[in-house]
Every structure is written in C-alpha cells, then in structure tokens.
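Notebook open, coffee poured. I want to go through a helix, a pocket and a sheet here, and jot down what I look up.

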Amino acid sequence: MKTIATLVTLLTLCPTAAAAERRPNIVMVFIDDLGWGDFSCFGNTQASTPHIDRLAAEGIRFSQFYVNAPLCSPSRCALTTGQYPHRWRITSYLSNRAENEKRGMTHWLDPQAPVLARFLQHSGYATGHFGKWHLGGQRDVGEAPLITEYGFDESLTNFEGLGPRLLGLCDAHDGQPPRRHALGSDKLGRGPVIWYDRASLTAGFTGAAMEFLDKAAADDRPCYLNLWPDDVHSPFFPPLAKRGDGTKRDLYHGVLETMDAQLGVLFDRIRNTPPLRDNTLVLVCSDNGHEPGAGSAGPLRGAKTTLYEGGVRSPLVVWGPGLIAADKAGQHNETSVFSAMDLVPSLLELAQVSLPENVVFDGEPLADVLLGKSADSRRAPLFWRRPPDRKSWAGQGIPPQPDLAVRAGDWKLFCEYDGSKPELYDLAQDRAEVTNVAEQHPEVVRRLTADLLAWHQSLPPDSGATYANQGPKPKVSAKSKASDN
C-alpha cells in the first residue's frame, strides 16, 4: 500500500551479484498459530481458504512437515537460522526483560547467528521482511537490533519488532471505540508507528510486500521476502461481516478467511505477472499449532505449546509453476518428513548460494523435495524440547506435558528430562498418537531415549521452576553461543 510504503525507509541495496542463470524469487509466508487442519485443502469444512487452496491445486502440499518448536519465537528462530533455536537461547516466546531472564532466555536473536536473508542479501538478492518478527524488540526491550540488521533491506513489522510498524486497532463492532493493541510497542520508539485496523493488518503487510517485489523486479534483482502475518493469532477481530455468532471459533474462522483473501491479492499479482509467475517460489506454512478452542489440528493430537503432532506438525503448501514440473501440480506429498530449519539450506540451494563453510546447519538441503523431484526425507531425527514455561497451560485446558520428544523414522518418542515416563507411537499406523506402544518395544525406547537425552544435554539449558534434571550447563561452541543480553 503506497501510503504505508512512504513511511518505510528504503536502505541502499547492495550491488547485484553476477549470475549466469536467473535465480528464483522466494516468498515465505509464515502464518501465526494456524492449526494443521485449518486450510480447507487440509480438511477444514467450517471455513474456506480458496486462495491457499488454489496454490495447493497448482503446486504441492506436504502433510509431514514440521516446525522446530510449538511456540512462536523459537519456531521463527529455526526458520531464520536453519538451526535448533535452543542454540540461541530462544526456547519460548520473547517477552519482557524479567520474564526472559526468569526462563533462562536471551532478549533477542544474536545478530551473529546465521540468517537466511543475510546469506541471500550478500549474494545479490533484495530482501524484505513484512509482518511479525518476534525475535527481539518487544514489551520493554527497546534496544534490540533492528530487523534490517539481520540482512533485510527493508522491514515493516508489528508490536513484536522494531523499525517501521503497523499496530492494531481492535474493533469489536459493539459501538465502542476500537482499542489499541500494542503491548508497549508504541512507547519504544525506534521507528514510525502507524495505527491500523487489526482486521486489515495482513492487507497492510501484503501491500508493502507487493511494492517491494515490484521494485526488485524493476531493478532486475531476485527477491526474497518474509510475509509473516500476525493472523491468525488472538485476539480475533475480523470484519463485521465475518464475525459469525461471535464465538471464539467463529471469530477465528472470520480472521482465517479474511487473511486468505488478503494474501490472495499477492498470490494473484504473482500469478498474473508472467515474469514473476515463471520464476517465483511461494511457501505457506504455520509457526506452530492452533490455540485451543480456535483452530484445529484435524485428526492430530495436541495444540500450540505441546510436542504432540498438533503442536509441531504444520501444513505446508509450495507453489511455483515455472519451477515445479507441470505433472506435479496438485501433488499431495504424504511421505517426506522434514522441518522448517531444513528450508534454510534448501532455499540457499535453490538460490544457487553455496552453503557457508563456517556454519553447521541442523537443517538439511532438500530442494528437490520442495520442487516435487524427490520424496526423500531428512536423514537425521527431529528433536524437540518443550518451552520452559509450558509444562502445562491450565488457562487453555492443557494438562502437564512431556518435556522432550524425538521423531526418527516412523517412531515418535516422548520422555521427561531424566528419561522417565516414556511414550512411544508408530506414526505410520497411529498419527493421532493414541496408542502408547513403549512396553512392546523396549529396545526402541532405550535407543531413542539415549539419543534424545544426548541432544538435550548438548544444548544450552533454559530454566524455570519445573525445569528439573537438566544436569551441568553444557559448554557452547563459538559457533552456537548466543550473546548475554
């Protein structure tokens, strides 16, 4: 939107790198608190997401894609760095200074962390971030690095980041003035603030992203942009026509359908512009599972904050008609197991950027999987540690949860920090994690528990009243040490 873009300062773009071949534009859409079953192309019959469904019909949808944490900030850290977020002491949502310190967390992502956007920027890409950040610069933390210090030429964010930002005006359509939703961001400075109808925030971010994409095209530069809407996170304030009966689920579905329509403006722009259509890859997924009572995990167990499938498995749609073979259009990949941190080396490979020699990613390059040329999975297991402040979530009806989890092949194992109370599920037969078969497979339990505890103990510990049996604080290499903020 031009009125927004005029308030966003465009930094000097680095020179275009010489390249013999065209490199693809990449649009990473990272939705907030969307359940695995919330897109209608993933089974939702109570709400309709036609624009994302069309991407799936023309591209590929993946049903065994994971994020690397069941909560926003650590999940975003993994997608940004290609590494487990625990390496950077981001293990729950970044909050105010006191809460971060209580949980043994940093206040922001260390600028020395490996960042996908920075690698792409250095190779000649125009890079932009539009929407939620939540990797520093929130509540009372006003001295965090600006988003542009992480390799983005331009940014426009919300109350979870610094720099130019849109802050929401929440209109309940009850005759009362809209209330401001800022969580203190309006008092932090560090960039212009625009108050904006919360029901239209995704449209605001999308409009700014389209201008950025157009400018990159005019400059003949490949473009990488994050479009990370604050939707479909609560509080839920859809337009009046989408409020339904006013229940939590109806309001959520109103926000979901409105977001789909607002994102669809960008999708249509790319689809209807041949140079963009033929050389742009769009990826759409969620940062973690749904808020209980709002979204849905479909047949999966669990929700946001839990390590069960409904907390860490995300829908993924990948679209790119000029990059994905025509005979793969509409494919449903139900076999490839990979995660958000695998996207970092995969997208670098697609962008023809050599993996940096001094960085060890936890993610694995799987570019051919994204393009439908392969149905491979990552080789290494996937590990999770619960957020330190989410042993339970009584306010949302979530009882005490396992501390750790690992997926290796079709096995998913859970245990406590000391290895006790194992739960084992065969996801090939039981993706709903109903039948605990730990007693029937003691050797699998022994092996996976040992692997899981070794991973857990190799990473910086977090803290909290319920964080027990963490053992001695492990040494952290120079490559993975986060700054003490």
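First, some ground rules for angles: axes are lines fitted to C-alpha atoms, for helices over the stretch in contact, and angles run from 0 to 180 degrees between N-to-C directions. Contact means heavy atoms within 4.5 Å. Helices (H or I, at least four residues) and strands (E, at least two) are DSSP runs, numbered from the N terminus.

This is a predicted model, where local features need pLDDT of at least 70 and side-chain atom pairs count only at pLDDT 80 or more, while totals for chains, interfaces and linings use all residues. Residues are numbered from 1 along each chain as its sequence is written, and side-chain values use heavy atoms, with hydrogens and water left out.

**Sheet.** I looked up the open sheet: 3 strands in the order 6-5-7, with mixed pairing (two strands pair if DSSP finds at least two bridges between them). Strand 6 (179–181) and strand 7 (193–197) each have a single partner strand, so one side of each lacks a neighbour in the sheet. From one strand to the next, the twist averages 35°. Strand 5 (residues 165–170) and strand 6 run antiparallel and are joined by 3 bridges. I checked one residue there: Gly-168 has His-181 in strand 6 as its bridge partner. Helix 6 (residues 201–218) lies across strand 5 and strand 7, at about 160° to strand 5.

**Helix 3.** Is helix 3 (residues 72–81) covered or open? I find it mostly covered, with 10 of its 10 residues buried (buried is under 20% relative accessible area, exposed over 50%, partly exposed in between, using a 1.4 Å probe and protein chains only). What covers these residues includes strand 1 (25–31), helix 5 (116–122), strand 8 (223–228) and helix 10 (340–350). Just after helix 3, I noted that Gly-82 takes a positive phi of about 75°.

**Pocket.** Cys-72, buried in helix 3, turned up again in the second largest pocket. That pocket has 19 lining residues, and Cys-72, Tyr-93, Arg-139, His-233 and Lys-304 lie nearest its centre. My pocket criterion, on a 1 Å grid over the protein atoms alone, is an open set of points where a 1.4 Å probe fits, with protein on both sides within 12 Å along at least five of seven lines; lining residues have an atom within 4 Å of a point. The lining divides into 7 nonpolar, 4 polar and 8 charged residues.

**Ala-98.** Last lookup: Ala-98 is found in helix 4 (residues 97–102) and is exposed, at 52% relative accessible area.

Key:
Ala, Val, Leu, Ile, Met, Phe, Trp, Tyr, Cys and Pro count as nonpolar, Asp, Glu, Lys and Arg as charged, and the others, Gly among them, as polar.
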